[in-house]
Every structure is written in C-alpha cells, then in structure tokens.
Amino acid sequence: MYLVLAGLIIFFVYNQMTSRQEEAETISLQELASQTKDGKITKITIEGDTLLVEKTTGDKAVSYKEEDTTLISSLTNLGVTTRQLSAVEVGVAPPSGLYN
C-alpha cells in the first residue's frame, strides 16, 4: 500500500515539475530578422522549415522559414547583413530517422 502511495506522490511531483517548463515563443521571420539585426540572437537550428532560435537572454523561440528558400537568403532579403549573420551560430539538425 505504501509503495503505491509513494509511487503516486513521485508521479505527481514529477508531473508538476515538467508542466512548469515554458514553451518556446513563436516569432515571425520578420521578427527573427529584426532581432538578428539587433544582436539578440545567438543560435538558429534548422529542422526542415522550422527554426529553433536561442536568444542572448537564454530564452528560446520558434520561427518558420519559407519553403524552397534558404534561411540565409530570407534573412538577407529582410535586411540582415552578412556581418550580423556572422554573429549567429547557424546549424542544421540531423534527420530524426522516422522516414528512413
């Protein structure tokens, strides 16, 4: 009986702790470009058309690039210079393996 009660308590505490994790803010590509120009972005990880963004504050955000175009060309079309882009670590996430 005590073992079941202890298990329920552990499950409840774990559930409460994991539910407090904040979801990443969704920002537009234009907002991503603006924040990149302002030096507020440290890293962008590309997963298909999804962009996982890390800000200088440590906050995370999600954005989406246009289909059939590169992130770099989209950002430069929005006024981000190569100097501003060089301050951001850009990487591509490995495939998840679900389609292999």
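This text walks through a predicted model, from its paired strands to its core and its salt bridges.

Start with strand 2 (41-47) and strand 3 (50-55). The two run antiparallel, and 6 bridges join them. One bridge pairs I44 with V53 in strand 3. The two strands form a hairpin with 2 residues between them. In that turn, G48 has a positive phi of about 70°.

Now follow the chain onward. Strand 3 also pairs with strand 4 (60-64). Here 5 bridges join the strands, and they again run antiparallel. T50 stands opposite Y64 in strand 4. This second hairpin has 4 residues between its strands. Within the hairpin, G58 takes a positive phi near 95°.

Look along strand 3 itself. Which of its side chains are buried, and which are not? L51, V53 and K55 point to one face and are buried. T50, L52 and E54 point to the other face and are not buried. In a regular strand, the side chains alternate between the two faces of the sheet.

Next comes the core. The largest nonpolar core holds 15 residues. L32, I44, L51, L71 and L75 have the most contacts inside it. Helix 2 (29-37), strand 2, strand 3 and helix 3 each give the core at least two residues. In soluble globular proteins, nonpolar side chains tend to be buried together.

Take L71 as a closer example. Setting aside neighbours within four places in sequence, L71 is in contact with L29, L32, I44, I46, L51, K65 and V90. One residue in that list is a lysine, K65.

Where does K65 sit? The place of K65 is the loop between strand 4 and helix 3 (71-77). Is K65 buried or exposed? Its relative accessibility is 15%, and buried means under 20%, so K65 counts as buried. Not counting residues up to four places away in sequence, K65 touches L29, G48, D49, L51 and L71. The K65 side chain also reaches the backbone oxygen of T69 at 2.7 Å.

One of the contacts of K65 deserves a second look. The side chains of D49 and K65 meet in a salt bridge, at 3.3 Å from N to O. D49 lies in the loop between strand 2 and strand 3, and K65 in the loop between strand 4 and helix 3, so the pair ties together parts that are 16 residues apart in sequence. D49 is partly exposed, with a relative accessible area of 31%.

T70 is found in the loop between strand 4 and helix 3. T70 is partly exposed, at 47% relative accessible area. Its side chain makes a polar contact with the side chain of S73, at 2.9 Å. T70 and D49 are 21 residues apart in sequence, yet 9.3 Å apart in space, C-alpha to C-alpha.

How many salt bridges does the structure hold? There are 3. Another one forms between E25 and K55, whose closest N and O atoms are 3.0 Å apart. This pair links distant parts of the chain: E25 is in strand 1 (residues 25-26), K55 is in strand 3, and they are 30 residues apart. E25 is partly exposed at 42% relative accessibility, whereas K55 is buried at 13%.

E54 forms a salt bridge with K60, with the closest N and O atoms 3.8 Å apart. E54 counts as partly exposed at 30% relative accessibility. K60 counts as partly exposed at 49%.

Definitions and conventions
Residues are numbered from 1 along each chain as its sequence is written. This is a predicted model: local features need pLDDT of at least 70, side-chain atom pairs count only at pLDDT 80 or more; totals for chains, interfaces and linings use all residues. Side-chain values use heavy atoms; hydrogens and water are left out. Buried means under 20% relative accessible area, exposed over 50%, partly exposed in between (1.4 Å probe, protein chains only). A polar contact is a pair of N or O atoms within 3.5 Å; within protein, one must be able to donate a hydrogen and the other to accept it, and residues adjacent in sequence count only if both atoms are side-chain atoms. Contact means heavy atoms within 4.5 Å. A nonpolar core is a set of buried Ala, Val, Leu, Ile, Met, Phe, Trp, Tyr and Cys residues joined through side-chain atoms within 4.5 Å. Two strands pair if DSSP finds at least two bridges between them. A salt bridge is a side-chain nitrogen of Lys or Arg within 4 Å of a carboxyl oxygen of Asp or Glu.
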